[in-house]
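Hi everyone, thanks for coming. Let me put the sequence and structure up, and then we can walk through a few parts together.

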Amino acid sequence: RAREILQKILTASGEAEQMGAEEKAKEMTEKIFKNLGKEGGSAESELKLDQNVIDEKIPVQVREILGKTHQLMAENYMATEESSMAAPHLKRAVNFLKPFGLKFCGELGKTYNMLGLQATAAEMDDQAKKWLSECELLYQKYKKANPKNEQMEDVYTHTLFYLAQVEARLGNVVGSAKNSALTLNRQLTKLDTNKSVQEWVRNTMHLAGFYINQYAFRQADHCLQAAMKVLKEKWKLKESDREYYLEEKQQVEADIYRTWGSFHLQRLKAFESEEKFDPIYKTLELKTPPSYPVLNDFKYARDAFLKGREAFETAAKFYVLDGFVTDHIKIMQEISQLWKAIAEKETDLPRKAKMHKRRINLLRVILHDISQSAYGNEVQQLADEVASCYVYILEVKEAMLPKRPKYAQAKAIKKINSVAQQALLYYKLFVRMFHKGMGPVPPEKLDDALHHPYLSARFHIARLYCKIIGDTVPATCKLHQASLEEYKMIVKLAKKFRTKSFDAELKLCKEMIELLP
């Protein structure tokens, strides 16, 4: 119905153009507007405007009407996902509106944005950026003229949002983040519903995530402060459904704590840190983030570890295992990674081993608690990580063995064997989950992405057989034979799968086949 009305306006304006009378144009278009709600009348006309040429003889008032109507017609087609039908109207809208300068800047800006969206949908990202940049230039002219146009302000907010996406598609992640930040800052005054608050907070967390990965920890801190403040101040608990809205708020808050946990985890891993800070949300009056130097000192690393663990554990109070299985597991894995990162900075070997034991205690209980049939991927991931923890402990125990007195070495060897056997157990679980029915027969084929993890686990198994110290010569020979057979199987499978991501390990496998008796 809206489209029919707009077509009537175009038809009326077309007839006015033919008559060449400005007063007649005014009279006819006013008549159309007065009768918008009435039924009847044809929306079609044999009188059509040239789609490529703007006749200067067309009265100014008619050009205004045509420009705005073509823009509305294009908007209608875009809203109904008929982009191809919108294309000619967009071009006509630009041709009619552009000569008016800033008079119709809101309508012209909307048109540029729609042209940008069209180009993006057609995967013409450079062209999309060109159209959106036209809107940027228009906005800059508008700001210099200093008029008050709420529509243009809203249009430019959308322009920045679209530019953020286009820049990301073009590979300019820094430009994308910059436009995202500008968008979010401009949206602060429009957060009038819980949905808009939730969307804003989540987008701000995503921006924080970008800064975390870029080691711009002060910028990330600033974003996370903003997310929490906006959530607490703008979220409204409706009495009609208070419990539902409270749970939604708690979930968003838990996600903010998860992002803080990721923040501290990345700090523990980082070898660099960006000290530059450019505040985004000045109107929120947030605390200036402190400096975040690289954590070379264990004392400061421990502080980051404790803050990260506290943040993840706070998030886990919402994401409990009974109800949020996958989220809970991911959080526990992230806490495990915190222990791994702090262990790498620990120089005391016994303490290092205990840290990896903490990881095992954290993950193994979940591994044995969840259903293997329902959560196969999670079980497999946990088995792999638990096995790797035992390997880390094994390496520590082996490094400590020569330093032990002779009377304590037998006990130490027993412990080494026990740790190696546990690592074997969990790597075998990981491997068997690739096999049909958890049986011993390897799969006929695997996805390319799974070649490396599968063969790497078998490689660890082969090495672990040789790590176990047999109490008799026959026992040792038996272990070495098992290792040899595993290396041979790895070489056979690598050839069968035609894997391209296992060259270094494959070379070692072939060497071990030659060395082992």
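**One helix and its surroundings**

Let's start on one face of helix α19: on the other side from its buried residues, Asp503, Ala504, Lys507, Glu514 and Leu515 are exposed, where exposed means over 50% relative accessible area, buried under 20%, and partly exposed in between, with a 1.4 Å probe and protein chains only. A quick note: this is a predicted model, where local features need pLDDT of at least 70 and side-chain atom pairs pLDDT 80 or more, while totals for chains, interfaces and linings use all residues. Residues are numbered from 1 along each chain as its sequence is written, and side-chain values use heavy atoms, leaving out hydrogens and water.

Which residues of α19 are buried? They are Glu505, Leu506 and Cys509. These cover an arc of only 100° around the axis, so they sit on the same side of α19; the arc is taken from the directions from the helix axis to the C-beta atoms. They pack against α17 (448-467) and α18 (473-497), with contact meaning heavy atoms within 4.5 Å.

As for length, α19 runs over residues 503-515, 13 residues in total, and reaches 19 Å from first C-alpha to last, close to the 18 Å expected at 1.5 Å a residue. That expected span is 1.5 Å times one less than the number of residues.

Stepping back, the protein has 19 helices and 0 strands, which are DSSP runs numbered from the N terminus (helices H or I, at least four residues; strands E, at least two). Of its 517 residues, 45% count as buried.
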